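Me: I would like to go through the labels attached to this structure and ask, for each one, what value and what rule stand behind it.

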Amino acid sequence: MNVNQHTPMASPYGQPQPGYGQPGYPPLDGGYPAPYAPYNGPASAYQPGVPPQGYSPFTSFPSKAVAANPVSDLSSPLDLGPARGPPTSAPPPVSAPQQYNQYSHSLGDVQNGPPPMTQAPPRPAGSQPYNQGAANLTGAHPSYPQHYGPPPTMEQVTNQMTRMQVTSGPPTPAGPGYAPPQSSQPPISTSYQAAPQPSYTQAPPPVSSTPTQPPSSGGPAAPQQYFAGPPPPSQQQFASSLPPTSQQQFTSSVPPPPSQQTFPPSSFSGPIPPPSRAPAPPASQSQQPFPTPQPPFSSAPPPVNQSGFAAGPPAQSSFPPQPPPPSSQPGSFPPPGPPPTSAPSGQYPTPMPHQQQPPTTQPSPYHPGPPPLRAQMPPTSNHLPPGPQGPSCPPGPLGPLQQPPSPQTGYPPQQNGAFGQVRSPQPGYAGPYPGQPNYGAPAPAPAPAQKRLDPDSIPSPIQVIEDDKVKTTEPFTTGVRGQAPPLVTTNFQVKDQGNASPRFIRCTAYNMPCTSDMAKQSQVPLAAVIKPLATLPPDETPPYLVDHGESGPIRCNRCKAYMCPYMQFIEGGRRFQCSFCNCVTEVPPHYFQHLDHTGKRVDCYERPELSLGTYEFLATVDYCKNNKPPQPPAFIFLIDVSYNAVKSGMVSIVCHELKSLLDHLPRENPEMDSVVRVGFVTYNKVLHFYNVKASLAQPQMLVVSDVSDMFVPLLDGFLVNVNESRQVIESLLDQIPEMFADTRETETVFGPVIQAGLEALKAADCAGKLFVFHTSLPIAEAPGKLKNREDKKLIGTDKEKSLFQPQGGFYNNLAKDCVAQGCCVDLFLFPNQYVDVATLGVVPVSTGGSIYKYTYFQAQTDQERFLNDLRRDVQKPVGFDAVMRVRTSTGIRATDFFGSFYMSNTTDVELAGLDCDKAVTVEFKHDDKLSEETGALMQCAVLYTSCSGQRRLRIHNMAVNCCSQLADLYRNCETDTIINYFAKYAFRGVLNSHTKAVRDTLVNQCAQILACYRKNCASPSSAGQLILPECMKLLPVYLNCVLKSDVLMPGADVSLDDRAYLRQLISCMDVAETHVFFYPRLLPLVKLDSSSLPMAVRDSEERLSKGGVYLMETGLHLFLWVGASVQQELLLNIFGTQSFSQIDSSMTSLPVLNNPFSQRLREIIDSFRAQRSRYMKLMVVKQEDRTELIFKHFLVEDKSASGGASYVDFLCHMHKEIRQLLS
């Protein structure tokens, strides 16, 4: 459905790709300031459901596809700029219209764009656009709310058009009209329209991307490139040059004018002024707006979205100043010669008029708010370009949009701002792409085409995810060394043939650089995310358990690596050579076996350790503490019974649930009873222990009031077998809520509570887990007492890092004692105010435990989530007293570890508890050269006690290739794993560094990775092009999501506790969890079929249709977003109500209705919950309701309220950073 999806059609990024266009791309800038602008888009069209008809228009698109620059398989040039890869001259690819086209089609279709608010305003007919004069401006945009200024007058429009040059070519089907919709911003049409370009250009101008920006400065130069018209030579260059397909060249090519480049973060942040601000001046006027005067972006507020960039100022700003805009731009494409007159006029001389662009600030009438932002965005993108082109051109200002009118002339530059974001030719970049020259516009006019980056022309996560699903048809066999697995978003079956399944280990690179110099040059992190006890789907075999008897597992004498498929048997099978350290070890007589003619043992396939990547060994007493077999583990439940805990209902809920939950304690054999013993403690300022011995008629309470010297007052009767003591336990659980029903004690302790559980486990000489249910900051006099140190004034200062560090060393020492005993702590928090999660979380995080947080817990709405989390936490497979060591072959070694664990030395990862959800990220560094013949090997060995009390070793083996060519490294990386590493690296970094320094470090490393690729692996092309490796084309969008996260860039309403909680939570996530957390899954719910899920849409307000319903999953939350003009049939099917106003937004579960749609939707929600380690509470969000702000926070391609850049802006910013590194 989403048109987005389609996108694929064309080369992926490079061209505009309609698909990409799809709604997906958010406005560049990032947030639509405006109202729902985004929605406006063609909202309805949007509807997910629909396949974009628009596409059809695109049909022709094909050409575009080509444009994509197939260039290197490896890379994807994104032309940020105009230069769309191929020659601009080509006629605009049909595709251009695409997206927008849709509009033309039927609004409805449009799905892509943001849903038009009103649906798409009727775009003027595609053809219309042509007339520049007419500019259907008027028509279409109106639909949008366009809050912004009045629409430009016809005259202006015409002018613009003229400028555009674009005029010539026939309009794309889409015709100008469409553009706007997409963007949801007001249609750009005018601007676009002018240029025939529009056709595709408009297409959806990427609205987000460029449109919004003011053309000139804002846009990155690249945009100019866009112009596509024939791109100016420069553009062309790139365009033509290559563009590896993947390249995607964004071409921002033209560097935006310096100003743009400016882009600096700062600017970024600011929100762009609402477009509304000024009515768009007439086209011509518009330019004024831009006037160079604007300070470089300072003035411009526009860049709002930019802000997103955390880093830099909004591009936009840049353009303001840019003023000159055009000039450069034109130049750039001028080739065509000034485009027709317009060009000149436009030429940016005036400041490009940005024409149409209403001044950035002023957003054009059309797009109402948001778009503008977008526009700004462009700049950012442009700014990438700054480098070469950009600067050169005086106009630089144009920057992103660039589009200097003049050259373009064709159509105005996309106006980002002004008109509804022109989507610019969605297709991609402004016409640049190859063919498309200006879309329609005459070839010559290069068109400034979009000055903005069209969101649909930049890499789409949805497209990449869908392409991978289509590509994965066979089971993934692990026997081939260095083979990258399918993405975590793809459902696939694994067949273990010698390397560990990707469910256990995923690597950032499956081709390791042979030397440390090569690794430093590329800056690609070499890491593996290991999830040792991951659960496997029912159709995959769990690891085999191998018992070698009393002698234990066979190991290398020197490095102690365990027997695995990589060991080489020699001398007829009497010895084996270790492939990790090359040492030769004698084979024990009982393990001897003859070799076949290939040198393999004849029993190779009968022994898991010789043929599989993952298996377990039964450990002997030599692997046990004190050389004696372990006792079965124990679970101790410690319940806060202070006033807040009782009043909220937490105490009665926990006690009631435990009565049934104790029948579901973990066990290896479902047929047998669990051997786990249980104990109970309640506490406030003092601790109450309970004797629940089976022989008692009633439980006995023993109170310990001297909390400064904690001890356990009873040994016999505290830890008991559930079945033996069932009646006494049930009696106790019935009595606890009654005993404390009238308590007035508000103070609590916390340190002594954990000490009590630890002492009980020590006394029983066993490992185990503490389940602590706690409500408030522990301020009562006792060890571990804390003070309230929440101070918003420290946020953003050098002292902010202290807020993530624990208060004092008490809990660090306590954690160390817990790990030594195998005491894992799971903490359930129910706070109504600050509780210092950074300090309370030290013990859970260090012991391999989990933290669950239910702020403002209310029994009615939060009980379901809490109980599901508690059930899963108690029942899930878990190992105790675990030690993990990662061994590697000569040449590399594990140097750093991220996760929930404790390390007393540099090699052993100690986990008091290790469950099936915990992942550890391991970083590797070179200590010698690697060989391409032998590759690199790693073996992860985890020694643990199973929940039945058995000591075991779980072994995971992984072999990857080694390469001496950078191109091979970039051909075999996994972006999702790289992002997992970057997030954990950054979230640990905030403990010791300012958050801005952490963000800058990430941006710099990402820029170095991409600059190294551009310099060493991509075909020669214009500097204006942004060229990305095919397997890393989503690195910028995902990295931007990490930078905008609440930990690194919090909004005003994000508490310190929430940030500390997320920081600790993400430290132990696996790749699938970090993927959906940073880039949530957004599904349109129009038609649901019983077998497959609807195709997701991109996380941008532009992609939402006012007439649709969308389900969003973040891994921690589920949102059901309902558009204000949703069809009555949908309301009846989902909610059983007749109107939008009757929907109860406080519901946390959908009504059970007897219709196929309701049943299927509830099945989808249940399946999403089953895939995640935490229960996701459903939140119904009505459009324009206040809860929508929470939902919009997760539309990560848009500018964030806290100043995070939109995807488009960030892409431009990355391009700028890359160009600076290359120059």
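Me: What makes M701, V703 and M739 a nonpolar surface patch?
Reply: Together M701, V703 and M739 make a nonpolar surface patch of about 250 Å², where a patch is built from residues with over 30% relative accessible area and no salt bridge, like charges being joined within 9 Å and nonpolar side chains (Val, Leu, Ile, Met, Phe, Trp, Tyr) within 5 Å. Areas come from the Shrake-Rupley method with a 1.4 Å probe, and for residues only the protein chains shown count as cover. V703 belongs to strand β19 (residues 700-704), a strand being a DSSP run of E of at least two residues and a helix a run of H or I of at least four, both numbered from the N terminus.

Me: On what footing do such values stand?
Reply: The model is predicted, so local features need pLDDT of at least 70 and side-chain atom pairs count only at pLDDT 80 or more, while totals for chains, interfaces and linings use all residues. Residues are numbered from 1 along each chain as its sequence is written, and side-chain values use heavy atoms, with hydrogens and water left out.

Me: Why is C766 called buried, and how do you know that C766 is in no disulfide?
Reply: Buried means under 20% relative accessible area, exposed over 50%, and partly exposed in between (1.4 Å probe, protein chains only); C766 has 4%, and is therefore buried. A disulfide requires a pair of cysteine sulfur atoms within 2.5 Å, and by this rule the count is zero. For C766 the nearest cysteine sulfur, that of C823, is 9.5 Å away. C940, at 2% relative accessibility, likewise counts as buried.

Me: What makes E466 and K469 a salt bridge?
Reply: The rule asks for a side-chain nitrogen of Lys or Arg within 4 Å of a carboxyl oxygen of Asp or Glu, and the closest N and O atoms of E466 and K469 are 3.8 Å apart. Both residues lie in helix α25 (residues 461-471), three residues apart, about one turn of the helix. E466 has a relative accessibility of 18% and so counts as buried, whereas K469, at 36%, counts as partly exposed. By this rule the protein has 45 salt bridges.

Me: How do you know that R885 and D908 link distant parts of the chain?
Reply: Their side chains meet in a salt bridge with an N to O distance of 2.7 Å. R885 is in strand β23 (residues 878-888), while D908 is in the loop between β24 (892-898) and β25 (909-915), 23 residues apart. R885, with a relative accessible area of 31%, is partly exposed, and D908, at 15%, is buried.

Me: What is notable about the phi of N626, and why is N626 called exposed?
Reply: Most residues other than glycine have a negative phi. N626 has a positive phi near 55 degrees, and N627 also has a positive phi, of about 55 degrees, although N627 is not a glycine. N626 lies in the loop between β15 (614-618) and β16 (634-640), and N627 is in the loop between β15 and β16 too. At 64% relative accessibility N626 therefore counts as exposed, and N627, with 53%, is exposed as well.

Me: Why is K1192 called partly exposed?
Reply: K1192, which is found in helix α44 (residues 1188-1192), has a relative accessible area of 23% and is therefore partly exposed.
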